[in-house]
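Trainee: Could you take a close look at one part of this for me, the helix packing? I'd like to hear how it fits with whatever surrounds it.

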Amino acid sequence: MSMLSIFNVSGSAASAQSQRLNVVASNLANADTVAGPNGQAYKARQVTFQTELVGQTANDPTAAGVRVSTITEDQTPGRKVHDPKHPSADAEGYVTYSNVNAVEEMVNMISASRSYQNNLEVMNTAKSLLLKTIQLGS
Amino acid sequence: MLNRLTDALDFQGQALQLRSERQRLIASNIANADTPGYVARDMDFAKTLQAATSTLPSASTLATSHAGHIGAGAAGLSGGLAGSALTYATSSQPNLDRNTVDMDRERASFADNAIKYEATLRFINSNVRTSLSAITGQ
């Protein structure tokens with residue numbers, strides 16, 4: 001029943017995409033954050049996907065799932081705004097905001113949601129095929 | 001005598017299993033649509049089916065007692081496809097992250113394979129029904 005592992009493959013991909021969506025949500029929520037719990041401005045996060053073999057044998061390339069290997073922080077300097085009256089302003093009167101690029105995050109969000117939908121559709125098709133296979137010969 | 005009844009079923013069964021393997025392969029490609037460096041795979045169905053069915057009646061199959069063992073002949077199929085049977089899909093629009101999944105083509109192949117899987121299921125079903133009405137004898 002090699003079709004059954006489609007659920008593992010597509011399920012892992014859906015889970016990875018939902019994690020990506022989660023990261024996008026946290027980036028967008030913190031787009032205007034001045035300082036995080038560590039006193040520094042929030043840094044945009046980015047997930048990195050990696051292929052994960054979920055087949056029965058060690059190097060069976062026909063069942064390749066996905067997992068999130070690392071979550072990296074964007075190290076570009078944050079947006080600086082001159083606002084001397086702000087409580088978080090530095091000695092020169094500049095406030096450092098997070099380095100989240102809202103447009104980039106929106107594109108990321110759409111891509112993640114489309115990929116999620118694709119994987120769900122794959123699972124639905126596999127499910128209906130398997131249900132028909134169960135009724136075989138009747 | 002019974003052989004003649006089941007030989008046709010064997011062929012269709014083999015085809016069904018290969019279809020499900022291909023379905024899983026395409027599901028893996030769709031799952032890895034956003035993985036950097038992932039190379040899309042596909043199989044030449046006609047060639048693979050020919051290779052699988054030509055070894056069908058061989059009496060000298062190796063016994064496998066573990067999922068990782070590589071069987072010979074018809075038994076080899078159930079342990080997963082041999083890596084050499086798989087081909088690499090060339091991408092028409094290369095990505096910067098070296099991912100070669102073409103989502104349009106994968107979706108089309110997925111739908112095509114799902115329909116052909118159902119067709120094979122129907123062939124088996126009608127075969128079984130024919131045999132049943134022959135056995136019933138009215």
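**The helix pair, and what goes with it**

Mentor: Start with the handedness: H1(A) passes H2(A) in a left-handed crossing, meaning that the near helix is turned anticlockwise from the far one by less than a right angle (clockwise would be right-handed). Before going on, keep in mind that this is a predicted model, where local features need pLDDT of at least 70 and side-chain atom pairs pLDDT 80 or more, while totals for chains, interfaces and linings use all residues. Residues are numbered from 1 along each chain as its sequence is written, with chains lettered from A and ligands numbered from 1 in the order in which they are written.

Two packed helices are described by the angle and the distance between their axes. For H1(A) and H2(A), the axes come within 9 Å and cross at roughly 160° (lines fitted to C-alpha atoms over the stretch in contact, angles from 0 to 180 degrees between N-to-C directions). The two helices are therefore roughly antiparallel, the label for angles over 145 degrees. Sorted by class, the contact between H1(A) and H2(A) has 15 nonpolar, eight polar and two charged residues. Here Asp, Glu, Lys and Arg are charged, Ala, Val, Leu, Ile, Met, Phe, Trp, Tyr, Cys and Pro are nonpolar, and the others, Gly among them, are polar.

Where does A:Ala29 come in? A:Ala29 belongs to helix H1 of chain A, and its C-alpha lies 9.9 Å from that of A:Ala102, although 73 residues separate the two in sequence. A:Ala29 has 11 other C-beta atoms within 10 Å, so it is exposed (12 or fewer; 20 or more is buried, anything in between partly exposed, with C-beta atoms placed from the backbone).

Now zoom out to chain A, which has two helices and four strands (DSSP runs numbered from the N terminus: H or I of at least four residues, E of at least two). Along the sequence they follow α-β-β-β-β-α. The C-alpha atoms of chain A fill a box of roughly 80 × 30 × 20 Å along the principal axes. Chain A has a radius of gyration of 22 Å, where a compact globule of 138 residues would be near 14 Å (taken over C-alpha atoms; the rule is 2.2 Å times the number of residues to the power 0.38). Buried residues account for 31% of the 138 in chain A.

Both helices of the pair also turn up in the contact with chain B, which takes 33 residues from chain A and 31 residues from chain B (C-beta atoms placed from the backbone, within 7 Å). On the chain A side, the elements giving two or more residues are H1 (5–29), E1 (45–53), E2 (64–73) and H2 (102–134). H2(A) supplies the largest share, nine residues. That side divides into 14 nonpolar, 17 polar and two charged residues.

Chain B has a helix pair worth a look too. The axes of H1(B) (residues 2–31) and H4(B) (residues 103–136) come within 9 Å and cross at roughly 160°, so these helices are roughly antiparallel as well. H1(B) passes H4(B) in a left-handed crossing, and their contact has 13 nonpolar, nine polar and four charged residues.

One last stop is B:Arg98, in the loop between strand E2 (86–88) and H4 of chain B. Most residues other than glycine have a negative phi, but B:Arg98 has a positive one, near 65°. B:Arg98 counts as exposed because it has 11 C-beta neighbours inside 10 Å.

Conventions
Two residues are in contact if their C-beta atoms, placed from the backbone, lie within 7 Å. Angles under 35 degrees count as roughly parallel, over 145 as roughly antiparallel, 65 to 115 as roughly perpendicular and the rest as oblique.
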